[in-house]
Amino acid sequence: MTHSVLLLPGDGIGPEVTEVARTCMEAAAAAEGFAVRFDEAPFGGAAIDEAGTPLPDATLEKAKASDAIFLGAVGGPKWDDAPERPEKGLLGIRKALGLFANLRPVKVFDGLEDFSPLKLERVKGADVLIVRELTGGLYFGEKREGDDEAFDGCAYSAEEVERIARIAFKAAQARSGRVTSVDKANVLATSRLWRRTVERVSGDYPDVVLDHMYVDAAAMALVTHPARFDVILTENLFGDILSDEAAVIAGSIGLLGSASLGASGPGLFEPIHGSAPDIAGRGIANPGGAIASAAMLMRHGLDRPGAADRIEAALAGALKAGARTADLGGEDGTQAFAEAVLTRLKSEARRGAA
Ligand code: NAD
Ligand code: IPM
Ligand code: MN
């Protein structure tokens, strides 16, 4: 059976890291004995330049017809004042595909323990899964924008909270059995609904230990005691902020991948970093987050855990052996880092076939 994957390279370093992800997916699929057909479509700033809109209808149609979608990154100063920004395309595709569950795993790779700016004894044992609600809250509330006044509304329904909470509880069951729900229930009405709903849903998962934290305290604990967390369950904006913060545990935002999933239909897989305009076009971006996202695409998007394991092992192996892009204090370019991963993917495949 041939799987179809739509690539949305996007802007800045997006195309550079997407190409690496594609070659890794190809190698892993070959090693596992299945085929992937790749297609590509304009998205973000590149689509504004080409078609006048960040999410052209044709791109959305291709996305809906694919088995999974891989996204590089969108945005950049060139389009910051465009009538429709590239980021609007990203929010648009998440909403149109109903991708309410964003999974962002953060852990320390072997060999990188010393690289985090956090003290070694703090990062040791840190392994966190951030489960971020992705299609509600402030991002999608009522908006008004005037010259002297602006408004962003934050709304959540119990149903929206319940479905993301179930994702978090189920994920915790397969991990260390702990969920920390992060909110601002001392101030926000939506957070009080969030907390009540999560409490109620937790009754269905008696084997999972639930606690609640305010987001300000959680932001601190994430860097002082990261190992206290297993699954962090939180709303859209808090999850966005906490996941960039959590990247310091891993040592670089360039290493983290994510999966955005809906109740059905194709999922979307993307590194959590942006288009990094400051380093775009120089061949020095860390493709690790894209590679990690490619593994998540295999696991959650195509139900190919064997291919996912291969990609994850090759990435971990390359890092352990010392592959380092500039953000990790090294001298490898994107391509050299990619080669270190690909060599492992291919040699493992030969060993498997022997
Ligand atoms: P960013 O993540 O692009 O960059 C933040 C910093 O991290 C920069 O110094 C950058 O060089 C570095 N960095 C990021 N990824 C890296 C990688 N793979 N390797 C090495 N270094 C890396 O965030 P930003 O600068 O705030 O945003 C730039 C643009 O990207 C904005 O337009 C923003 O809206 C957009 N953005 C897009 C996405 C997405 O497409 N999913 C996510 C975040 C930001
Ligand atoms: C992310 C990004 C996006 C978000 C932006 C680019 C709209 O920061 O995926 O983390 O805020 O969700
Ligand atoms: Mn973000």
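# Exercises on a predicted model

Trp-194 is buried, with a relative accessible area of 2%. The model is predicted. Keep Trp-194 in mind for the first exercise.

## Exercise 1: The aromatic pairs

Find the aromatic pairs, classify each one, and say which parts of the chain each pair links.

**Solution.**

Step 1. Know what to look for. A pair of aromatic rings is described by the distance of the centres and the angle of the planes.

Step 2. Count. There are two aromatic pairs.

Step 3. Take the pair of Tyr-156 and Trp-194. The ring centres are 5.5 Å apart, and the planes make an angle of 70 degrees. Planes over 60 degrees apart count as edge-to-face. So Tyr-156 and Trp-194 form an edge-to-face pair.

Step 4. Place both residues. Tyr-156 lies in the loop between β7 (150-152) and α6 (158-173), and Trp-194 lies in helix α7 (residues 189-202), so the pair ties together parts that are 38 residues apart in sequence.

Step 5. Check burial. Tyr-156 has a relative accessible area of 10% and is buried. Trp-194, at 2%, is buried too.

Step 6. Turn to Phe-169 and Tyr-205. Here the centres are 5.0 Å apart, with 10 degrees between the planes. Planes under 30 degrees apart count as stacked. So Phe-169 and Tyr-205 are a stacked pair.

Step 7. Place these two as well. Phe-169 is in helix α6 and Tyr-205 is in the loop between α7 and β9 (209-214), so this pair ties together parts that are 36 residues apart in sequence. Both Phe-169 and Tyr-205 are buried.

## Exercise 2: Charges over rings

Name the arginine over Phe-100 and the arginine over Phe-34, and give each distance.

**Solution.**

Step 1. Look at Phe-100. Arg-163 lies over the face of this ring, at 4.2 Å from the ring centre.

Step 2. Look at Phe-34. The charged end of Arg-304 sits over the ring, 3.9 Å from its centre.

## Exercise 3: The surroundings of ligand 1

Describe the shell around ligand 1, then list polar contacts that the ligand makes.

**Solution.**

Step 1. Count the shell. Ligand 1 is surrounded by 21 residues. The closest are Glu-87, Glu-270, Gly-274, Ala-276 and Asp-278.

Step 2. Sort the shell by class. The shell has 10 nonpolar, seven polar and four charged residues.

Step 3. Start with a side chain. An N or O atom in the side chain of Glu-270 is 2.7 Å from a nitrogen atom of ligand 1.

Step 4. Add the backbone. A polar backbone atom of Ser-275 is 3.1 Å from an oxygen atom of ligand 1. A nitrogen atom of the ligand lies 2.9 Å from a backbone N or O atom of Asn-286.

Step 5. Find the cover. On its own, ligand 1 has 800 Å² of accessible area, and the protein covers 69% of that.

## Exercise 4: The surroundings of ligand 2

Do the same for ligand 2. Which helix gives the largest share of its shell?

**Solution.**

Step 1. List the shell. Around ligand 2 are Glu-87, Leu-90, Arg-94, Arg-104, Arg-132, Tyr-139 and Asp-240.

Step 2. Sort by class. Five residues are charged, two are nonpolar and none is polar.

Step 3. Find the helix. Helix α4 (residues 86-96) gives the largest share, three residues.

Step 4. Read the contacts. Each one pairs an oxygen atom of ligand 2 with a side-chain N or O atom. The distance is 2.8 Å for Arg-132, 2.6 Å for Tyr-139 and 2.9 Å for Asp-240.

Step 5. Find the cover. The protein covers 78% of the 320 Å² of accessible area that ligand 2 has on its own.

Step 6. Spot the link. Glu-87 is among the closest residues to ligand 1, and Glu-87 is also in the shell of ligand 2.

## Exercise 5: Three buried residues

Locate Ser-66, Asn-236 and Ala-126, and give a distance to another residue for each.

**Solution.**

Step 1. Ser-66 sits in the loop between α3 (57-65) and β3 (68-73). Its relative accessible area is 9%; under 20% means buried, so Ser-66 is buried. A polar atom of the Ser-66 side chain lies 2.8 Å from the backbone oxygen of Ala-63. The side chain of Ser-66 also reaches the backbone oxygen of Ala-68, at 3.4 Å.

Step 2. Asn-236 belongs to helix α9 (residues 236-250). Asn-236 is buried, with a relative accessible area of 0%. Its side chain reaches the backbone oxygen of Leu-134 at 3.2 Å.

Step 3. Ala-126 is in the loop between α5 (120-123) and β5 (127-133). At 5% relative accessibility, Ala-126 is buried. Ala-126 and Asp-230 are 104 residues apart along the chain, and their C-alpha atoms are separated by 8.4 Å.

Note on methods: Residues numbered from 1 in each chain as written. Chains lettered and ligands numbered in written order. Predicted model: local features only at pLDDT ≥ 70, side-chain atom pairs only at ≥ 80, totals over all residues. Heavy atoms only, no water. Near = heavy atom within 4 Å. Polar contact = N/O pair within 3.5 Å; in protein donor to acceptor, adjacent residues only side chain to side chain. Areas by Shrake-Rupley, 256 points an atom, 1.4 Å probe, with all protein chains shown as cover. Nonpolar A, V, L, I, M, F, W, Y, C, P; charged D, E, K, R; others polar. Phe/Tyr/Trp six-rings, centres within 6.5 Å; stacked < 30°, edge-to-face > 60°. Helix = DSSP H or I, 4+ residues; strand = E, 2+ residues; numbered from the N terminus. Buried < 20%, exposed > 50% of the residue type's maximum accessible area, 1.4 Å probe, protein only. Lys NZ or Arg CZ within 6 Å of the ring centre and 35° of its normal.
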